[in-house]
Amino acid sequence: MKSCDEEGNGFGPCAGEVLPAAERCDTAEDEDCDGAANAGCAYARCADVPRGLPSGVYTLDLDGAGGDPEFPVVCDLETDGGGWALVYNSVGSAEGETLSFWDIPYAQRLGTKGEPALERNFYRGSLYLVGREYRDEIADIKGTVAEVMRATAEGIDTTTMKLLRPLHVSGDADVFFSHFLSGWSSGDHDGDTAPDNNCAIAALNVTQHYAQCWEYNLGADGDAPFDDGGWGPHLGTHVADQAGLANDNTRYTRVRRISRWTRW
């Protein structure tokens, strides 16, 4: 800032000038003045993103100087103190793209599919390796968002995909039992507890954690026609009612989004 001199003939020296500097990753400021705060920064977890930055896509580097590559993830920096990373996200699609997205084979259970964004279908199974707190969040067909389940775990058995020492914290106990405490099934792997069938195959090859198959599904409907035009996420209407979410007057209602978050 420059101020007019006492005679009114000109300006005095510039005061408080801030020049571009090396970007720091421990602040929410744009030190290098490129218009993007913390560009190029990587964090061990979403909880390490500096306060003051908005929720969005950030780069995580879980092992620091180790050899594992960095990767982008959606961080929720607001809910319950923030620090949440998006594990999976199923978004309803009138174009019929979502159902086929969730046909994820067993060999890719710890892999990544899709681009991280709340507006897109996304899966990053490797976050189960580090996650310790979890919450399932559902947006109904009108856009209302509710947390339907919260739980903790101490890791995951990568062979069975069963979470280690899972504990129900809050929310719908049936969602916890069916889609967290339970086994994991894909079209080529039957790890659920349904005695007579593979829940993933019954749900048109939708891969997810299942027990007795149904409280919510990332890709298939629970009523015929089960593909429902390929829309994607469906929730048992009884769960929607308990959570204060809207329904479409069927037994298994379409929802706009089902998301699982974790932090550690």
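Contacts across the sequence come first. Among contacts in the chain with a separation of 6 or more, 48% join residues 24 or more positions apart. This is a predicted model, and that share is computed from its atoms.

Next, the overall make-up. The chain holds 264 residues, and 46% of them are buried. Its secondary structure consists of four helices and 15 strands. Taken along the principal axes, the C-alpha atoms fill a box of roughly 90 × 45 × 35 Å.

Now the surface and the charges. About 12500 Å² of the chain is exposed. Carbon and sulfur atoms supply 50% of that area. Negative side chains number 44, against 20 positive ones. The centres of the two sets lie 4 Å apart.

One sheet can be followed strand by strand. It is an open sheet of three strands, in the order β12-β13-β14. The pairing is antiparallel. β12 covers residues 216-217 and β14 covers 252-254; both stand at the edges. Each has a single partner strand, so one side of each is left without a neighbour in the sheet.

Strand β13 spans residues 234-236. In the sheet order, β13 sits between β12 and β14. How many bridges link β13 and β14? Three, and the two strands pair in the antiparallel sense. To find this pairing in the model, look at H234: its bridge partner in β14 is R254.

Technical notes:
Residues numbered from 1 in each chain as written. Predicted model: local features only at pLDDT ≥ 70, side-chain atom pairs only at ≥ 80, totals over all residues. Heavy atoms only, no water. Buried < 20%, exposed > 50% of the residue type's maximum accessible area, 1.4 Å probe, protein only. Contact = heavy atoms within 4.5 Å. Areas by Shrake-Rupley, 256 points an atom, 1.4 Å probe, with all protein chains shown as cover. Lys, Arg positive; Asp, Glu negative; His and termini not counted. Charge placed at Lys NZ, Arg CZ, Asp CG, Glu CD. Pairing = 2+ DSSP bridges.
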